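Student: Hi! I've got a protein structure open and I'd love some help finding my way around. Could we go through it together?

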Amino acid sequence: MAVNLVNVEAVSKVYGTRALLDGVSLGVSEGDRIGVVGRNGDGKTTLIRMLARLEEADTGRVTHSGGLRLGVLTQHDSLDPEATVRHEVIGVMADHEWAGSAKIRDVLTGLFGGLDLPGFENGLDTVIGPLSGGERRRIALAKLLIDDQDLIVLDEPTNHLDVEGISWLAKHLQERRSALVCVTHDRWFLDQVCTRMWDVQRGAVHEYEGGYSDYVFARAERERIAATEETKRQNLMRKELAWLRRGAPARTSKPRYRIEAANELIADVPPPRDTSELMKFANARLGKTVFDLEDVTVTAGPKTLLEHLTWQLGPGDRIGLVGVNGAGKTSLLRALADAAVSQGEIQPAAGSVSVGKTVRLAYLSQDVTELPGSLRVLEAVQQIRDRVDLGKGREMTAGQLCEQFGFTKEKQWTPVGDLSGGERRRLQLLRLLMDEPNVLFLDEPTNDLDIETLTQLEDLLDGWPGSMVVISHDRFFIERTTDKTLALLGDRTLRMLPRGIDEYLERRRKMIEAAVPTPAAAPAQTKPGVSAADARAAKKELQKVERQLDKVSQKEAKLHAQIADNATDFEKVAKLDAELRELVGERDELEMRWLELAEDA
């Protein structure tokens, strides 16, 4: 029988006149992996802080088992700003001691990309004080994971991690024996890691068995039985469930919910979006040209991020853009935005960007635009316009759109200065959509948004007719809102990924493995048995293979565009699909040859 680690008995917590938690009783046992979800401000963080006894309850009590080893990651770290990374993470261990620990090597490589902490000026000896919030958070997480605990409590652990980091963290937590309680809005992460869910709503906590997919089904079923929604078709939880059931099987590896019941529940729910219908509407709004890039070079200061880039963003294209930090994702969007705002007068460092005459661009950057603090939420939206056309005959007033973004009628009269960071982010996105753009650039739109708001945003974007590029580390959001995935792998090129983020992770893994020298060989040495002449020849052929890979990627992009253009001509689509399969096979052979040559070179 599993040992009980923490008991929460009849706990209540009141802030001002609002009861965040009201008589909540819960327990955490050995082996539990619990995900905590709910709207921002409903008490998720308060619940786990009381669970960890970092905050006192007004009534009730929280008890820990004797000798409980507890590790907590809060949203604000307690690192010493004058200390080095080595001091905080490794402590007093000698280099040969920590380097001999498989766990420490795994944590440092997984969170920082290598034992020498690439990206940190002085590696492990970097002083913490000047570092960014995201870098400090990764250090705090590394410090926690290196230790052994009976229970780990994590508050938004995926914040400031890229797609690779999130994938590594999920695998690491799956393999740990510690119990886990985790607050996060990353739904893919919840599905990979958690076996139980706590849903914090209006002072109560509802418990569900299974990961996020199971929770969506169980909650949708509970709401159906309770008749909480008058019209089933408008039930967002059911639409989310339809996406999970009909989408790629890789979205969840453990569908424990009853498949027959789930299928019955979503029988009359339409697909998330009608791609061909939206493409037609986007063509009508945008014409044939949106953004055409010809032999473009993108730089950031003295650093060249992309070069010889030829690419086209067409009408109705929905692109997910992923890549390693610093590879140029945001810089690429900024270069396109500069060209659009200046009507082509501002061009990148080399090459040219052509912008369609009808393009109306809305760009959600990572920086929240400040508005006058005294302005009310509804007034800030009405500054743009009173009504918005969402396409296909759908129209919304400013007030209706505010409600869809989680601003209730009362909240709409809240001064902007009193909003939280997540609420300001929501308001910024809302104002962009009210301006009726036909091209959207979204740079990390999921930051500070809770799962319910993310679901509402996805529902809105499903029917949005236009071209869209999304940068996000939230792979669920990318898979849900976009049709194609492009990647920046740090090699100054932009690549099409037909298999999406799974393919991105595979490619990155191969690149990292190819770049790591074998322990027996010094970095300057070639592979044993390979002469210097053979190494030079391998390097020359390697460059040739890289050029061939670039050409194959461009051909893949053209074929995907042709398939989209001829979506209703099934005979032609079948022919194009056969060509695409041959091209994918050719690319796989080239990649294998690249790996062989990289070892010789």
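Student: Let me start with one residue. Is Met434 buried or exposed?

Tutor: Met434 is buried, with a relative accessible area of 0%. Keep in mind that this is a predicted model.

Student: Okay, and which helix is Met434 in?

Tutor: Met434 belongs to helix 15, which covers residues 421–434.

Student: What is Met434 in contact with, apart from its neighbours within four places in sequence?

Tutor: With those neighbours set aside, Met434 is in contact with Val381, Ile384, Arg385, Asp386, Arg387, Val388, Ala398 and Leu401. Take Val381: in sequence it is 53 residues from Met434, yet their C-alpha atoms are 7.2 Å apart in space.

Student: Cool. How much of the whole chain is buried?

Tutor: Of the 601 residues in the protein chain, 51% are buried. The chain has 20 helices and 20 strands. Also, among its contacts with a separation of 6 or more, 69% join residues 24 or more positions apart.

Student: Let's look at a helix, then. Why is helix 1 described as largely enclosed?

Tutor: Helix 1 spans residues 44–51, and six of its eight residues are buried, so the rest of the structure largely encloses it.

Student: Which ones are buried in helix 1?

Tutor: They are Lys44, Thr46, Leu47, Ile48, Met50 and Leu51. After helix 1 comes Arg53, with a positive phi near 60°.

Student: Switching to sheets: what is the strand order in the one with three strands?

Tutor: The order is 2-1-4, in an open sheet with antiparallel pairing. Strand 2 (18–29) and strand 4 (59–64) are at the edges with a single partner strand each, so each has one side without a neighbour in the sheet. On average, neighbouring strands here are turned by 15° against each other, direction ignored.

Student: How many bridges join strand 1 to strand 2?

Tutor: Eight bridges join strand 1 (residues 4–15) to strand 2, and the two run antiparallel. One pair to look for is Tyr15 with its bridge partner Arg18 in strand 2.

Student: And what about the sheet with six strands, what's the order there?

Tutor: That open sheet goes 5-6-7-3-8-9, and its pairing is mixed. Its edge strands, strand 5 (70–73) and strand 9 (204–209), each pair on one side only. The twist from one strand to the next averages 15°.

Student: In which sense do strand 3 and strand 8 pair?

Tutor: Strand 3 (residues 33–37) and strand 8 (residues 196–201) pair in the parallel sense, over four bridges. Look for Val37, which stands opposite Asp199 in strand 8.

Student: Which helix lies across strand 5 and strand 6?

Tutor: That's helix 5 (residues 133–146), which runs at about 170° to strand 5. Strand 6 is residues 151–155.

Student: What about two helices together? Why are helix 4 and helix 6 called roughly antiparallel?

Tutor: Their axes cross at roughly 150° and come within 8 Å. Angles over 145 degrees count as roughly antiparallel, so helix 4 and helix 6 fit that description. Asp106, Val107, Gly110 and Leu111 of helix 4 make the contact with Gly165, Trp168 and His172 of helix 6. Sorted by class, this contact has three nonpolar, three polar and one charged residues.

Student: Let's go further along the chain. How do strand 10 and strand 11 run?

Tutor: Strand 10 (residues 291–300) and strand 11 (residues 303–313) run antiparallel, joined by seven bridges. They form a hairpin with two residues between them, and Gly301 in the turn has a positive phi of about 65°. In this pair, Asp292 stands opposite Gln312 in strand 11.

Student: Which residue of strand 13 is the bridge partner of Leu293?

Tutor: That is Val353. Strand 10 and strand 13 (residues 350–355) pair in the antiparallel sense, with five bridges.

Student: Last one! What does the side chain of Ser213 make a polar contact with?

Tutor: With the side chain of Asp191, at 2.4 Å. Ser213 sits in helix 8 (residues 212–225), and Ser213 is buried, with a relative accessible area of 0%.

Notes: Residues numbered from 1 in each chain as written. Predicted model: local features only at pLDDT ≥ 70, side-chain atom pairs only at ≥ 80, totals over all residues. Heavy atoms only, no water. Buried < 20%, exposed > 50% of the residue type's maximum accessible area, 1.4 Å probe, protein only. Polar contact = N/O pair within 3.5 Å; in protein donor to acceptor, adjacent residues only side chain to side chain. Pairing = 2+ DSSP bridges. Axes fitted to C-alpha atoms, helices over the stretch in contact; angles between N-to-C directions. Contact = heavy atoms within 4.5 Å. Parallel < 35°, antiparallel > 145°, perpendicular 65-115°, else oblique. Nonpolar A, V, L, I, M, F, W, Y, C, P; charged D, E, K, R; others polar.
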